[in-house]
Amino acid sequence: QVQVVESGGGLVQAGGSLRLSCAASGSILRINVMAWYRQAPGKQREWVATVSDGGITTYASSVKGRFTSSRDNAKNTMYLHMNSLKPEDTAVYYCNSKGILRIYSSYDSWGQGTQVTVSS
């Protein structure tokens, strides 16, 4: 009932920048939390950043100071601005959205991921 779609990934040189987008759609009454995760080859999925419905953001220590996340609540969209990218940022980036449906049940949905590759 909720679709989450990421976009904006690609190939970039080390030190470069990318902006990812995540759009949630469907029978959504309210989005409580939107978050970014990433999974590098051969590694477990790890948390990157969270944006609350009030706009409070938290970041993993590995990206703090380089990545900035924000939300546009009117569009049910979240962004991840990634600066000073490093080869170790190479991963599939996933968006997660948690909230309430119009039928007053909760949801917890993931996108299909978008590939970010940082070359050295």
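## A strand with two faces

Let's start with strand 7 (residues 67–72), where the side chains take turns: Phe-67, Ser-69 and Arg-71 point to one face and are buried, while Thr-68, Ser-70 and Asp-72 point to the other face and are not. Keep in mind that this is a predicted model.

## Its partner next door

Strand 7 pairs up with strand 8 (residues 77–82); the two run antiparallel and are joined by six bridges. Phe-67, one of the buried residues of strand 7, stands opposite Met-82 in strand 8.

What links the two strands? They form a hairpin with four residues between the strands. Look out for Asn-76 in this hairpin, since it takes a positive phi near 50 degrees.

## The disulfide

How many disulfides does a search of the whole structure find? Just one turns up, and it joins Cys-22 to Cys-95, with the sulfurs 1.9 Å apart. The pair ties together distant parts of the chain: Cys-22 sits in strand 3 (residues 18–26) and Cys-95 in strand 9 (residues 91–101), 73 residues apart.

Is Cys-22 buried or exposed? Its relative accessibility is 0%, so Cys-22 counts as buried. Cys-95 also comes out at 0%, so Cys-95 is buried too. As for handedness, the torsion about the S-S bond of Cys-22 and Cys-95 is about -70 degrees, which means the disulfide is left-handed.

## An arginine over two rings

Now over to Arg-45. This residue lies over the face of Tyr-94, at 3.7 Å from the ring centre. Arg-45 also lies over the face of Trp-110, at 4.7 Å from that ring's centre. As for rings paired with each other, the structure holds one aromatic pair.

Technical notes
Residues are numbered from 1 along each chain as its sequence is written. This is a predicted model: local features need pLDDT of at least 70, side-chain atom pairs count only at pLDDT 80 or more; totals for chains, interfaces and linings use all residues. Side-chain values use heavy atoms; hydrogens and water are left out. A disulfide is a pair of cysteine sulfur atoms within 2.5 Å. Buried means under 20% relative accessible area, exposed over 50%, partly exposed in between (1.4 Å probe, protein chains only). Rings of Phe, Tyr and Trp (its six-membered ring) pair if their centres lie within 6.5 Å; planes under 30 degrees apart count as stacked, over 60 as edge-to-face and the rest as tilted. A charge sits over a ring if NZ of Lys or CZ of Arg is within 6 Å of the ring centre and within 35 degrees of the ring normal. Two strands pair if DSSP finds at least two bridges between them.
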